[in-house]
Amino acid sequence: MKKIIFFLFLICLQSCHYGRMIRYYKADIDDHKIFPYTEVNTGENTFYFKDGSNSDASRKMDSLTFSVKGQRYVMDQVLDDYSETTAFLVIKEDAIVFENYYEGYKRDSISNIFSVSKSVTSLLVGIAIEEGKIESVHDPITKYIPELNKADPMFKRLTLEHLLDMRAGLEFDETYSSPFDEVSRLYYGKKQLKQISKMEFNYEPGTHHEYQSVCTTLLGIAVERVTEMQLGKYLEAKLWIPLEMENPATWSYDDEKNKNTKAFCCLNTTAIDLAKIARLMIHKGEYKGKQIVPKAWVEKLVTPNNANDCYQYQWYSKDCGDDFYALGILGQQVYVSPNEDLIIVRLGKSWTSNGVFISRIKEELLD
């Protein structure tokens with residue numbers, strides 16, 4: 001009997017989400033190695049930011065200091081020794097004024113950007129609407145995922161806009177606290193849609209703002225249905241190749257049978273290519289004279305929504321002001337200050353005081 005139990009335990013470790021969570025314990029930036037994924041390839045051309053290493057801005061970055069445990073250190077030391085940062089980029093007016101990598105990571109090292117993936121997914125939704133593949137954000141999700149017609153009747157009243165603004169009202173636990181909460185099952189498990197179809201609602205869709213990763217999962221599946229492409233391949237065609245990205249990426253999906261992309265978490269890419277997404281946002285979706293993402297869509301993403309906790313269409317507005325950003329659970333951040341033409345990208349293994357770095361960098365560069 002003990003041998004049978006042990007055998008079943010080994011099977012669980014390999015196949016069920018409980019086993020995977022026990023085996024890997026918690027989400028990690030290198031989880032792209034344990035999930036199946038779609039390759040996101042680059043094109044023939046590559047865009048490079050200008051070299052700003054000899055600029056006044058770069059010299060300011062090199063001399064910028066922070067206090068840690070009563071002593072002052074230059075920013076590079078803090079990032080290297082105290083923050084579990086793996087990549088940090090500062091780009092001012094299209095010139096790289098600070099770029100360093102830590103913890104053994106390099107410029108071409110991909111890692112899971114977690115919920116920054118949500119913000120990228122939103123861009124793909126906007127493109128799909130512009131192409132006429134999705135008719136309207138006011139459409140119910142059941143129009144694009146008809147299987148949900150057999151689930152809780154409230155799914156029929158759940159629109160794409162509700163999902164974009166995280167106003168779904170679903171009963172969903174975002175804590176990552178145990179193998180039994182919904183987001184852990186969504187992350188480690190297979191058959192995302194099967195899991196979602198069993199969910200119920202706590203609120204009428206559209207009436208309550210609550211951050212829920214399941215919203216982006218549904219958006220990603222909807223885009224895959226209308227484009228008849230895996231989300232990673234749609235990303236490749238619509239953003240990666242047109243923006244002349246530097247490095248190939250991957251996007252993890254749930255299982256080999258369904259291949260529903262983990263749109264809420266698991267785009268695996270580099271800091272330098274995320275900076276190109278930020279640059280696209282500064283230019284209202286335009287790149288080299290071509291509108292890559294509809295201008296009106298980008299304006300929607302960056303216009304503060306005071307009634308929705310400064311969160312709009314999977315992007316955050318800083319204090320409901322002009323600056324905006326995308327954010328991941330382990331402190332992955334793409335911060336954009338359009339008025340200063342400033343981009344800051346941080347990737348890392350755990351949460352850090354990004355806000356302190358960003359405010360000091362802005363203060364120093366505006367001095």
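**Exercise 1. The second largest pocket**

Task: For the second largest pocket of this predicted model, state how many residues line the pocket and which of them lie nearest its centre, then give its volume and the classes of its lining residues.

Solution.
- Step 1. The lining comprises 14 residues, and those nearest the centre of the second largest pocket are S115, Y211, L327, G328 and I329.
- Step 2. The space in the second largest pocket amounts to about 190 Å³.
- Step 3. Sorted by class, the lining of the second largest pocket has nine nonpolar, three polar and two charged residues.

**Exercise 2. Enclosed space**

Task: State how many cavities of 30 Å³ or more the structure holds, and describe the largest cavity by volume, by lining residues and by residue class.

Solution.
- Step 1. Three cavities of 30 Å³ or more are present in the structure.
- Step 2. The volume of the largest cavity is about 50 Å³.
- Step 3. Its lining is formed by T86, A87, Y101, Y105, K106, R107, S109, S111, T270, A271 and L347.
- Step 4. Five of the residues lining the largest cavity are nonpolar, four are polar and two are charged.

**Exercise 3. The second largest cavity and the loop beside its lining elements**

Task: Identify the residues that line the second largest cavity and the element that gives the most to this lining; then locate K284 and classify K284 as buried, partly exposed or exposed.

Solution.
- Step 1. The second largest cavity has a volume of about 40 Å³.
- Step 2. Its lining residues are F47, L243, K276, R279, L280, E286 and Y287.
- Step 3. At least two lining residues come from each of helix 11 (271-282) and strand 10 (286-287). Helix 11 gives the most, with three residues.
- Step 4. By class, four residues of this lining are nonpolar and three are charged, while no polar residue takes part.
- Step 5. K284 is placed in the loop between helix 11 and strand 10. Because its relative accessibility is 33%, K284 counts as partly exposed.

**Exercise 4. Backbone angles with positive phi**

Task: What is the phi of K284 and of C320, and where does C320 lie?

Solution.
- Step 1. Most residues other than glycine have a negative phi.
- Step 2. K284 is not a glycine, yet has a positive phi of about 55°.
- Step 3. C320, also not a glycine, has a positive phi of about 55°.
- Step 4. C320 belongs to the loop between strand 13 (315-317) and strand 14 (324-327). Since its relative accessibility is 18%, C320 counts as buried.

**Exercise 5. Three residues and their surroundings**

Task: For S136, L79 and E236, name the structural element or loop, then derive the burial class and list the contacts beyond four places in sequence.

Solution for S136.
- Step 1. S136 sits in the loop between helix 5 (116-130) and helix 6 (160-164).
- Step 2. Its relative accessible area is 19%, so S136 is buried, the cut-off being under 20%.
- Step 3. A polar atom of the S136 side chain lies 3.0 Å from the backbone nitrogen of H138.
- Step 4. Leaving out residues up to four places away in sequence, S136 touches Y144 and L160.

Solution for L79.
- Step 1. L79 is part of helix 4 (residues 75-81).
- Step 2. With a relative accessible area of 0%, L79 is buried.
- Step 3. Beyond four places in sequence, L79 touches E84, T85, F88, F98, Y102 and F357.
- Step 4. The C-alpha atoms of L79 and Y101 are 9.0 Å apart, with a separation of 22 residues in sequence. Y101 is also one of the residues lining the largest cavity.

Solution for E236.
- Step 1. E236 is located in helix 10 (residues 231-240).
- Step 2. Its relative accessible area is 14%, and E236 is therefore buried.
- Step 3. The side chains of E236 and K233 are joined by a polar contact of 3.0 Å.
- Step 4. Not counting residues up to four places away in sequence, E236 touches E39, V40, N41, I241 and P242.

**Exercise 6. Confidence**

Task: What is the average pLDDT of the protein, and over which residues does pLDDT stay under 50?

Solution.
- Step 1. The average pLDDT is 92, and 93% of the residues score at least 70.
- Step 2. Over residues 2-15, pLDDT stays under 50, and the model has 10 contacts beyond four places in sequence for this stretch.
- Step 3. Where pLDDT is low, predicted coordinates should not be read in detail.

Key. Residues numbered from 1 in each chain as written. Predicted model: local features only at pLDDT ≥ 70, side-chain atom pairs only at ≥ 80, totals over all residues. Heavy atoms only, no water. Buried < 20%, exposed > 50% of the residue type's maximum accessible area, 1.4 Å probe, protein only. Polar contact = N/O pair within 3.5 Å; in protein donor to acceptor, adjacent residues only side chain to side chain. Contact = heavy atoms within 4.5 Å. 1 Å grid on protein atoms, 1.4 Å probe; cavity = no way out; pocket = protein on both sides within 12 Å on 5 of 7 lines; lining within 4 Å. Points joined across faces, edges and corners; volume = space filled by probe spheres on them. Nonpolar A, V, L, I, M, F, W, Y, C, P; charged D, E, K, R; others polar. pLDDT = per-residue confidence, 0-100.
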